Amino acid sequence: MKHETTIMDQAATPTSGNAHLLGRGFEGLEPFLAKSRSLRQTLVKLGKIGDKESNRTARRLHHQLKHAEPSITMIGQVKAGKTSLVNAMVGWPDLLPADVNPWTSVVTSLHLNPHVAPEDNRASFRFFDMAEWGRLLDRGGRIGELAARAGAEEELEKVREQVIEMREKSRNRLGEKFELLLGQQHDYGYFDSDLIERYVCLGDDFEDDYETSQAQGRFADITKSAEIFMHRPELPMPLCIRDTPGVNDTFMIREQITIRAIRESRICVVVLAAHQALSSVDMALIRLIANVKSREVIIAVNRVDELSDPVNQVPEIRDSIRQTLIDHDGPKDAEIIFCSAYFATAALTGQLDAVDEETVELMRNWAVSEEALDEEAELSTEELLWDLSGLPNVYAAISERVKEGNGQEMLDRIAKSAMNLANGLNAAHMVVSRRESDKGLPPLEPGQLEAELKRIEDEAMRSMGSALDASISEFEKRLDRAQRSFLERATGSLLQHLEDIGAGEVWQYDPSGLRILLRTAYQVFGRNAQKATKNVMIETAESYASIYHRLFELSDEDFGIEAPAPPRVPPPVLLGQTIALDLQGSWWSRWWHKRRGYRSFATEFAEMIKAETDPIVESLRGTHSDSIREAAVRSLREFMDEQRGILTRVGAEADGSAGDSDGLRDVAGASEKRSQLRQAMQTLTDIAA
Ligand SMILES: Nc1nc2c(ncn2[C@@H]2O[C@H](COP(=O)(O)OP(=O)(O)OP(=O)(O)O)[C@@H](O)[C@H]2O)c(=O)[nH]1
Ligand SMILES: [Mg+2]
């Protein structure tokens with residue numbers, strides 16, 4: 001895909017005056033941050049002890065840890081206040097335009113980083129490519145396919161008309177540039193709300209203002225994603241927050257977009273509006289989060305300031321959401337947080353008179369009744385509004401998830417690599433001192449180490465390949481079985497209905513059985529693939545240990561090799577995709593009433609449902625299992641590269657080709673380094689534990 005890049009520069013715009021409020025709520029992250037600091041210090045020390053190569057490795061690990069960026073995707077109902085919440089969370093009210101036209105489908109990722117300079121603020125916008133654009137429009141997206149299949153010609157026609165109208169508008173707006181722009185990316189060395197608006201906001205007033213818009217370039221029709229990189233010194237670590245378009249739009253054009261956005265983040269915040277909490281209308285939303293771990297879903301009920309009696313209404317809303325999640329197999333343990341982007345904005349901008357006293361009183365009483373506000377605490381008005389806005393609770397929930405999830409995994413991974421680096425340095429020291437004291441040791445034969453390394457690498461890749469092949473082929477069989485047995489059961493139930501009740505009454509069938517079968521197949525596959533990956537990693541680590549043993553006469557007590565943990569298996573979010581059976585109401589009954597005769601019902605039904613579920617099964621079999629395979633192979637490769645670097649260093653000591661660049665032969669210096677190494681290894685053991 002061709003990506004042309006345009007860079008334009010302009011001074012950065014200042015953000016909100018009260019951004020210091022953002023720091024509230026991150027207390028729970030402190031244990032992670034402390035370990036991360038200590039790990040980074042240890043890496044700096046290790047970098048100083050070793051040679052140039054190990055120094056480079058230590059620096060790379062240090063950088064990865066410092067810039068690790070857990071990400072959070074915000075999804076939810078249209079107009080629930082996702083964008084307003086995101087603006088508040090990033091401390092820049094009005095940065096992203098709220099109230100955008102429902103046709104836009106831009107996913108905006110805000111990358112917040114305390115470790116970059118304000119001058120590093122930048123933005124890039126990517127447009128749909130030709131194929132994506134075609135898919136979105138020519139067939140009217142998923143809903144078009146669905147309508148065609150369900151025989152809902154009228155709806156389909158409606159979608160087509162809208163789509164054609166939209167396409168025409170876009171062409172008029174963007175003129176001849178239109179086709180050229182598809183697939184491109186525009187990069188800027190700054191951003192502000194005007195710039196972002198041009199790319200994500202389809203203003204309604206826009207037609208009247210054709211000339212100016214032309215001159216400015218309004219690209220919102222075709223923008224697929226926006227990436228904003230922002231200096232944010234108030235946060236304790238980098239974070240990425242993704243704003244997505246609302247879910248429950250009639251045309252479902254955005255469903256695939258939301259599914260992808262959820263997959264890209266570990267943590268998902270579902271934003272609901274307090275006055276419409278979770279009704280059964282939001283089944284599509286519940287299905288989308290049903291496959292994400294409960295613990296990684298946070299439900300933010302926004303617009304609490306609009307409730308007339310929050311003290312009583314909040315507990316009711318909370319209970320009703322819980323019940324809906326239980327009834328519909330959603331993530332029932334998800335944490336529920338009540339908030340108000342409106343209060344948060346007032347606090348950030350310092351426009352305290354924007355909120356009236358009565359509302360503040362209502363909110364305060366509610367917070368006190370929930371023991372969420374300490375009445376004794378002396379808070380400034382901004383702090384009070386900020387705390388009442390619930391944003392610190394949102395950040396506290398995110399902090400907990402990062403600490404126990406992403407964050408801990410990151411620490412483990414980097415501590416293991418650092419441990420291997422330290423072990424390698426230690427081994428190099430031992431080889432040197434052994435050779436110093438026993439001049440009779442024969443040197444390592446040229447090429448011997450290389451041959452061993454190559455043998456281990458080939459063998460590891462081969463075992464990884466065949467272990468994954470086996471899990472994947474097992475998975476494919478399970479998927480086929482699941483789909484077939486669902487089709488049989490559903491068709492059986494359909495025939496039963498026709499026999500017992502007849503065609504006069506519309507038959508309904510709940511497709512959740514299929515989702516459960518597919519989910520189970522995926523979970524079993526995920527576990528098998530992880531187990532297989534882990535075994536290969538451990539075997540490979542043992543093979544490396546045997547090199548130390550055979551080539552360098554170092555025993556197991558002298559060192560250990562840490563096998564990396566297998567990569568995480570991402571949740572199968574796409575199982576939540578809407579299929580014809582989920583659509584009740586007019587479409588389904590039309591499909592139903594158009595059939596004539598039992599046979600026609602049964603075969604056409606089976607065909608339709610197969611066509612509807614094939615893409616899901618295909619994607620599990622294809623992209624999903626591919627990405628698990630790729631992650632496993634990548635992690636193995638990294639491990640092997642790491643070991644190759646370390647062993648090559650040790651090998652150079654053993655065959656006498658290493659100089660004394662790191663002073664290993666300086667006896668006094670070497671013993672000092674050894675004690676530093678021992679200390680570093682102790683710290684690493686504590687962190688990984
Ligand atoms: N009173 C009140 N209004 C809010 C709050 N949050 C958002 N709004 C208003 O709700 C409307 C929709 O807000 P957005 O932030 O655009 O909502 P969204 O979820 O991003 O909407 P879509 O992206 O179109 O799905 C705007 O008019 C906001 O001013 C809140 O906490 N309280
Ligand atoms: Mg929005």
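The shell around ligand 1 has 7 nonpolar, 7 polar and 6 charged residues; here Ala, Val, Leu, Ile, Met, Phe, Trp, Tyr, Cys and Pro count as nonpolar, Asp, Glu, Lys and Arg as charged, and the others, Gly among them, as polar. This is a predicted model, where local features need pLDDT of at least 70 and side-chain atom pairs count only at pLDDT 80 or more, while totals for chains, interfaces and linings use all residues. Residues are numbered from 1 along each chain as its sequence is written, and chains are lettered from A and ligands numbered from 1 in the order in which they are written.

Staying with the ligand: of its 20 surrounding residues, G81, T83, A98, G246 and Y342 come nearest (near is a C-beta atom, placed from the backbone, within 6 Å). Two or more shell residues each come from helix 3 (82-89) and helix 13 (341-349). Helix 3 gives the largest share, 3 residues.

Now the chain. It has 22 helices and 10 strands, which are DSSP runs numbered from the N terminus (helices H or I, at least four residues; strands E, at least two).

Next, strand 9. Why is strand 9 described as largely enclosed by the rest of the structure? Because 6 of its 6 residues, 297-302, are buried, meaning 20 or more other C-beta atoms, placed from the backbone, lie within 10 Å of a residue's own. On one side are V297, I299 and V301, and on the other I298, A300 and N302.

Strand 9 runs parallel to strand 8 (residues 267-273), joined by 6 bridges (pairing takes at least two DSSP bridges). It also pairs with strand 10 (residues 335-338) in the parallel sense, over 4 bridges. I299 stands opposite V270 and has I336 as its bridge partner in strand 10.

Note on methods:
Buried ≥ 20, exposed ≤ 12 C-beta atoms within 10 Å, placed from the backbone.
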